[in-house]
Amino acid sequence: MADDAHAPMYGAIAEIYDRLDDWIVATWHEQPVSGRVAFLRKRWEQRGGEVRDVLDLCCGTGSVLHELKQAGYAVTGLDQSPQMLGLARQRLGDGTALIHAQLPDIPVPDAAMDAVCSTGAALSYTPGEAELTRILLAVHRVLRPGGVLVFDVLSRHMITEHAGRHVWAADQGDFAFIWEFTNPDEKYSDAFYTQFLREGGPTSTRFVRTREKHRLYVLDCSLVRRSAEQAGFTTAEVLDNYTDAPAHESTLYDTWVLTRA
């Protein structure tokens with residue numbers, strides 16, 4: 001992919017995405033899927049009314065959807081990557097609604113969902129307040145009154161300090177990768193992901209190299225609160241990485257809980 005592109009479609013990453021996510025959990029301290037789902041369920045129970053219909057934005061390979069479905073929720077997933085949705089379909093079967101669309105487009109009927117989530121810092125690709133507001137307006141439309149949106153974004157500390165001041169690399173045997181963060185500033189950092197994936201059987205010595213540019217935006221607390229207010233959410237709470245602790249200056253993943261009027 002050309003270096004000036006920053007809308008990765010995850011075609012090359014999809015096959016090993018779950019294993020890459022395991023590395024992110026271990027190295028960048030992202031909450032594992034089980035922890036994210038436990039937090040979601042706890043927050044939905046605290047909401048009051050029944051939560052049945054759940055929409056997962058940027059659902060990827062469907063790991064969160066799978067756990068929610070196993071827990072009895074009626075789940076719908078949305079993602080811009082056909083490759084990711086293909087893997088989600090294999091995991092979830094034909095009975096789960098999976099939508100190919102790119103935010104802020106959410107082709108779901110008005111007030112169809114009790115809850116919406118977006119985990120794995122997917123919304124960190126949102127280029128600023130205006131675009132985030134459009135996404136939150138779309139979510140507000142599909143939520144029922146009293147519905148809850150939970151999402152996380154990479155914190156300023158994560159983008160500019162924890163991840164952004166290092167080159168990260170790992171060799172997993174059949175694939176290896178390098179993360180290079182460049183130009184961290186007040187608004188965004190460009191992260192170049194280079195992957196080497198074995199082609200062929202376990203004894204093959206041929207590896208295919210791919211490269212993607214990921215532009216990760218700083219969506220600080222004041223910006224998100226403004227967008228939430230403009231979109232019509234009545235409360236906006238920011239927590240530390242899917243825990244009940246308030247976010248602080250060393251938080252790596254800002255976890256937001258927004259409630260629809």
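Which residues line the largest cavity? Keep that in mind while we walk through this predicted model; the cavity is a later stop on the tour.

**Start with confidence**

Colour the chain by pLDDT. The mean is 92, and 95% of the residues reach 70 or more. Then select residues 1–7, where the pLDDT is below 50. Beyond near neighbours in sequence, this stretch makes eleven contacts in the model.

**The seven-stranded sheet**

Next, show the strands as a cartoon and pick out the open sheet of seven, which runs in the order β3-β2-β1-β4-β5-β11-β10. The pairing here is mixed. As background, strands of a sheet pair through backbone hydrogen bonds, either parallel or antiparallel. To find the edges, select 97–100 for β3 and 233–240 for β10; each of these strands pairs on one side only. From one strand to the next, the twist averages 15 degrees.

Now zoom in on β4 (residues 113–118) and β5 (residues 143–154). These two strands pair in the parallel sense, over five bridges. Click on A115 and look across to β5: the residue opposite is V148.

Add residues 221–231 to the selection. This is helix α7, which lies across β5, β10 and β11 (253–260). Its direction runs at about 155 degrees to β10.

**Two backbone details**

Most residues other than glycine have a negative phi, and most peptide bonds are trans. Two spots in this chain are worth a look with that in mind.

- Select L103 and P104: a cis peptide bond joins them, with omega at about 10 degrees. P104 sits in the loop between β3 and β4.
- Select C58, which is not a glycine yet has a positive phi of about 60 degrees. You will find C58 in the loop between β1 (53–57) and α3 (63–70).

**The four-stranded sheet**

Move on to the open sheet formed by four strands in the order β6-β7-β8-β9, where the pairing is antiparallel. Its edge strands are β6 (167–171) and β9 (207–217), each pairing on one side only. The twist in this sheet averages 10 degrees from one strand to the next.

Which helix packs on this sheet? Select residues 17–27: helix α1 packs there, touching β6, β7 and β8. The direction of α1 makes about 55 degrees with that of β7.

For the pairing in detail, display β7 (residues 175–182) alongside β8 (residues 188–198). They pair in the antiparallel sense over eight bridges. Pick A176 as a landmark: its bridge partner in β8 is F196.

**Last stop: the cavity**

Rolling a probe the size of a water molecule over the atoms shows where empty space is left. In this model, the count comes to one cavity of 30 Å³ or more, and the volume of the largest cavity is about 30 Å³.

Here is the reply to the opening question: select W28, L154, M158, I159, A163, F181 and L216, the residues that line the largest cavity. Colour them by class and you will see seven nonpolar residues, with no polar and no charged ones in the lining.

Key:
Residues numbered from 1 in each chain as written. Predicted model: local features only at pLDDT ≥ 70, side-chain atom pairs only at ≥ 80, totals over all residues. Heavy atoms only, no water. Pairing = 2+ DSSP bridges. Axes fitted to C-alpha atoms, helices over the stretch in contact; angles between N-to-C directions. Contact = heavy atoms within 4.5 Å. 1 Å grid on protein atoms, 1.4 Å probe; cavity = no way out; pocket = protein on both sides within 12 Å on 5 of 7 lines; lining within 4 Å. Points joined across faces, edges and corners; volume = space filled by probe spheres on them. Nonpolar A, V, L, I, M, F, W, Y, C, P; charged D, E, K, R; others polar. pLDDT = per-residue confidence, 0-100.
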